[in-house]
Amino acid sequence: MNSRTTAVRCLKAAALACAAALTVLTVQAAPASADETICGHQVGGDILAKYQSMGGQSSPLGCPTSDELATPNGRGRYNTFDGGSIYWTGTTGAHPVWGAIRDKWAALGWETSTLGFPVGDELTNPDGQGKRQQFEGGTVYWSATTGAHPVWGKIGELWGQYGWEGGEFGYPTSDEYADPDVKGVRQNFSARHISLFWSPGIGPDKGTCIGECVGYEGTTDVPWVKQTKVWKALRNGDIDVHVYPTDKGFDDADTNYNTLWDQAWAAVPYPKSLTDSQGSSMYKQLSCHSRYAYQWPDGSHVTGDTWDLESWRPDVSWDYALNPLTVAFHQCNWT
């Protein structure tokens, strides 16, 4: 046998040995989706993969306390663990839910609630203090001082426009609750003790809220203004601001329009969608209301309990806005 033949045979033998070794490894290695029995319970598939990626028994979840189960609505699967649960669907993937966020989700009805299934893991918020977890129908936010509350729908959209939990409204301090005054729902937030609301429409005499609207309101302790309420029509973006003066405001607010304007926004953020022209018109409307807030003999005021400022009124001259001859006709509500 020549040296070349010997070399070829050696190479073939080595190849066969490698193939045999690979066959043994393939038989011994379980696929990632195979079921495993852990702490006496079966865990498998994507739920097992998520559990292992978190550290398995050494993770915050600890040991499983159930086999994999089907959710009552038939859409998904889940396992319970000492420290929480992992829920899975074919469209959302597998995600753990635990702690106060899980408790809130459970209280609302688990995956059958408006929230639906989790679509992400729990995350730490940019402030480093709070947590959040996104679900199909909204997001649950938690902080140590406010607890866990879901945010969704039109209130959630409005909240997001002002910077989420790091913005001018802060964290939610309540769930949504029914509010007959707006014929819709309201939710409280931590910054400035503001509440946000949504309404399907209140009626033809309610300005911006003839149809669907959102808004926010807050109270303050400044000398001339006790409360400010902002309404925004979703059909066209019109804004209506109701400023509630104090008794001192009725008497003295016309002595400094700049100070009055600042105090009107002490309780709530200035609407982001207002143009400079709209803001100028509303500033003049507020000045007009404060100047001509005469008191009737019965103690009520000509302007009523509030000074209403509408974004759709044109920006007029100061003479037109405050001249007593023109005020007699437009009464601070010019067109």
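# A walk through the predicted model

About 230 Å³ of space lies in the largest pocket of this predicted model. Two elements each give two or more residues to its lining, β17 (307-310) and α9 (324-330). Of these, β17 gives the most, with three residues. In total 14 residues line the largest pocket, and those nearest its centre are His-289, Val-302, Thr-303, Gln-331 and Cys-332. By residue class, the lining divides into seven nonpolar, five polar and two charged residues. As to how such space is found, rolling a probe the size of a water molecule over the atoms shows where empty space is left.

Helix α4, residues 153-161, is a useful place to continue. Its buried residues are Ile-155, Gly-156, Leu-158, Trp-159 and Gly-160. An α-helix has 3.6 residues a turn, so residues three or four places apart point the same way. The buried residues of α4 pack against five strands: β9 (138-143), β10 (147-151), β12, β13 and β14 (213-219). After α4 comes Gly-163, with a positive phi near 100°.

Several of the strands that α4 packs against are paired with one another, beginning with β9 and β10. These two are antiparallel and share five bridges. Trp-142 stands opposite Ala-148 of β10, and a hairpin of three residues joins β9 to β10. Strand β10 is mostly covered, with four of its five residues buried. In general, strands of a sheet pair through backbone hydrogen bonds, either parallel or antiparallel.

Further along the chain, strand β11 (residues 177-179) runs antiparallel to strand β12 (residues 184-188), and three bridges join them. Here Ala-178 is placed opposite Val-185 in β12. Four residues separate the two strands of this hairpin, and Lys-183 belongs to the turn. Lys-183 has a positive phi of about 55° although it is not a glycine. Most residues other than glycine have a negative phi, and most peptide bonds are trans. Is Lys-183 buried or exposed? Lys-183 counts as exposed, because its relative accessibility is 52% and the cut-off for that class is over 50%.

Strand β12 also pairs with strand β13 (residues 195-199), again in the antiparallel sense, through four bridges. Arg-186 stands opposite Phe-197 in β13. The hairpin formed by β12 and β13 has six residues between the strands, and its turn contains Arg-192, with a positive phi of about 60°.

A positive phi also appears at Cys-39, where the value is about 55° although the residue is not a glycine. Cys-39 is found in the loop between β1 (36-38) and β2 (41-43). With a relative accessibility of 35%, Cys-39 counts as partly exposed, because this value falls between the 20% and 50% limits.

An open sheet of four strands follows the order β3-β4-β5-β6, with antiparallel pairing. Its edge strands are β3 and β6 (93-97), each of which pairs on one side only. Within this sheet, strand β4 (residues 77-81) and strand β5 (residues 84-89) are joined by five bridges. Phe-81 has Gly-84 in β5 as its bridge partner. In a regular strand the side chains alternate between the two faces of the sheet.

The loop between α2 (45-53) and β3 (69-70) contains Ser-66. Ser-66 counts as buried because its relative accessible area is 10%, where the class requires under 20%. Which residues does Ser-66 contact, leaving aside its neighbours within four places in sequence? They are His-41, Gln-42, Asn-79 and Thr-80. With Thr-80 there is also a polar contact: the side chain of Ser-66 reaches the backbone nitrogen of Thr-80 at 3.0 Å.

The last residue in this account is Asp-262, which has its place in helix α6 (residues 257-264). With a relative accessible area of 52%, Asp-262 is exposed, because exposed means over 50%. Asp-262 and Val-222 are 40 residues apart in sequence, and their C-alpha atoms are 9.9 Å apart in space.

Technical notes:
Residues numbered from 1 in each chain as written. Predicted model: local features only at pLDDT ≥ 70, side-chain atom pairs only at ≥ 80, totals over all residues. Heavy atoms only, no water. Buried < 20%, exposed > 50% of the residue type's maximum accessible area, 1.4 Å probe, protein only. Polar contact = N/O pair within 3.5 Å; in protein donor to acceptor, adjacent residues only side chain to side chain. Contact = heavy atoms within 4.5 Å. Pairing = 2+ DSSP bridges. 1 Å grid on protein atoms, 1.4 Å probe; cavity = no way out; pocket = protein on both sides within 12 Å on 5 of 7 lines; lining within 4 Å. Points joined across faces, edges and corners; volume = space filled by probe spheres on them. Nonpolar A, V, L, I, M, F, W, Y, C, P; charged D, E, K, R; others polar.
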